[in-house]
Amino acid sequence: MQAVAVAWQVFALTHRPLDLGLVGLAQFLPGILLFLVAGHAADHFARQRILQTCCGGFALCSLLLMGLTRHGFSSIVPIYAVLLLNGTVRAFNGPAGQAFLPLLVPEADFPEAVAWNSSIFQSAAIAGPVVGGLLYGWTASPAPVYICAAIEYLAALAVLAGIHVRAAQGPRPAASYAMALEGLRYIRRNKLILGAISLDLFAVLLGGAVALLPVYAREILKIGASGLGILRSAPAVGAVIMALVVARWPLQRRAGAIMLWCVCGFGVFTVIFGLSRNVMLSLTALALIGACDMVSVIVRHTLVQLATPDEMRGRVSAVNVVFIGASNEVGQFESGLTAQWFGTVPAVVLGGLGTIAIVALWAWRFPALRRVDALVQAGRG
């Protein structure tokens, strides 16, 4: 909900695609600056407590955005300041959240747990943009959206308090700069993990069509703020369907090759969306983008978590979160910048073609990734 409100509010104020890119960059910068600290914190402190604190921080950011909107402003700089704070909270939330899930389920059930977890998240990602877009459209103001977001963050804080961890968190290392860097060293040594997370980084970095959805909704498809919410939900619809499929029929064989083909599909459907002028075709392409991306999420998350010892999961997850943030938020900035230079449609099409090229390069550069068969056995290896 909040992402739709912020994007529409910023674009309504400036009418510049570049500013949509800066929205993503503002939320990514704290992550790149704090990932060593955040990763070490996830291994040193109780991850459940970190997640609860972050929910409170997210609620504060939503209330600040609401306050700014109610009081009015002529510059978008205050919005960027709140987004920087939101990015700081996300920097700590991401590693703790990723490293928390393996403590809740047996290792053998982890791939299915990732799929179910992702399907629930994507269900919220379907409803959120639609409701956010409708609320914004009905009230002509983002303030109600921000109020609802704050309430939901506080509800999440309360729900977290009721979770009982199945397995104890591993030994907590003493704080040191060398220990904070160990996550980077571990990923550099493990070519399988390096290939998986760097593939996502560069593929999604180039194929960031979602950042430009406000332009498509307003100027190309002409469907307004409510239509923007539906566009934002379409990738999540595809993702949740794919997550349910994988949860019911887990990837038993050739998981690595399937992931590579799906990331290639992500690029192909990005090109189709970029060229489309038909609302239904655009929605279909976005749904297929989400479905392809979900396969990559499940395979990558399973490989990273099961191949990493628990005492290092926070630090390794912090690096993974930086890669994800770079692919999403810096991808938004890249899309906004190229759209400013070349136009919106060429930016999306070139990004999709770049994603396809990345898949071909990674299939050659990381043969271990291409040869991954069963996920649980690959994680143990």
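Here are some notes on salt bridges, two helix pairs and a few buried residues in this predicted model.

1. Salt bridges, the overall tally. Searching the whole structure turns up 2 salt bridges. Both are worth a look in the viewer, and the next two points take them in turn.

2. The bridge at aspartate 19. Its partner is arginine 16, and the N to O distance between the two side chains is 2.9 Å. How exposed are the two ends? Aspartate 19 has a relative accessibility of 2%, so it counts as buried. Arginine 16, at 38% relative accessible area, is partly exposed. If you colour by accessibility, expect the two ends of this bridge to fall into those separate classes, buried for aspartate 19 and partly exposed for arginine 16.

3. What else surrounds aspartate 19. The residue sits in helix 2. Setting aside residues up to four places away in sequence, aspartate 19 touches Val10, Thr14, Ile76 and Tyr80. Val10 and Thr14 turn up again in point 5, where they belong to the helix 1 side of a helix contact.

4. The bridge at aspartate 43. Here the partner is arginine 47, with the closest N and O atoms 3.1 Å apart. Are its ends buried or exposed? Aspartate 43 is buried, with 2% relative accessible area. Arginine 47 counts as buried too, at 1% relative accessibility.

5. Helix 1 against helix 2. Helix 1 covers residues 2-14 and helix 2 covers residues 17-44; they pack at about 145°, with 9 Å between their axes. The crossing is right-handed. On the helix 1 side the contact uses Val6, Ala7, Val10, Phe11 and Thr14, and these meet Pro17, Asp19, Leu20 and Val23 of helix 2. By type, the residues of this contact split into 7 nonpolar, 1 polar and 1 charged. Asp19 in that list is the salt-bridge residue from point 2, paired there with arginine 16.

6. Helix 11 against helix 14. The axes of helix 11 (residues 255-275) and helix 14 (residues 344-365) come within 8 Å, and the crossing angle is roughly 165°. How do the two helices run relative to each other? They are roughly antiparallel, because the cut-off for that label is an angle over 145 degrees. Helix 11 passes helix 14 in a left-handed crossing. The helix 11 residues in the contact include Leu260, Val263, Phe266 and Phe273, while those of helix 14 include Val345, Leu353, Ile356 and Val359. Sorted by type, the contact has 15 nonpolar residues, 5 polar and no charged.

7. Proline 142. This one is in the loop between helix 5 (110-139) and helix 6 (143-161). Proline 142 is buried, with a relative accessible area of 5%. Which residues does it contact, leaving aside neighbours within four places in sequence? They are Ala5, Gln9, Thr69 and Tyr136. For a sense of scale, proline 142 and valine 159 are 17 residues apart in sequence, and their C-alpha atoms are 26 Å apart in space.

8. Histidine 301. Look for it in helix 12, residues 279-306. Histidine 301 has 12% relative accessibility and counts as buried. Not counting residues up to four places away in sequence, histidine 301 touches Gln98, Leu101, Phe110 and Val114. If you plan to assign a protonation state, those four contacts of histidine 301 are listed here for reference.

Conventions. Residues numbered from 1 in each chain as written. Predicted model: local features only at pLDDT ≥ 70, side-chain atom pairs only at ≥ 80, totals over all residues. Heavy atoms only, no water. Salt bridge = Lys/Arg side-chain N within 4 Å of Asp/Glu carboxyl O. Buried < 20%, exposed > 50% of the residue type's maximum accessible area, 1.4 Å probe, protein only. Axes fitted to C-alpha atoms, helices over the stretch in contact; angles between N-to-C directions. Helix = DSSP H or I, 4+ residues; strand = E, 2+ residues; numbered from the N terminus. Parallel < 35°, antiparallel > 145°, perpendicular 65-115°, else oblique. Left-handed = near helix turned anticlockwise from the far one by under 90°. Contact = heavy atoms within 4.5 Å. Nonpolar A, V, L, I, M, F, W, Y, C, P; charged D, E, K, R; others polar.
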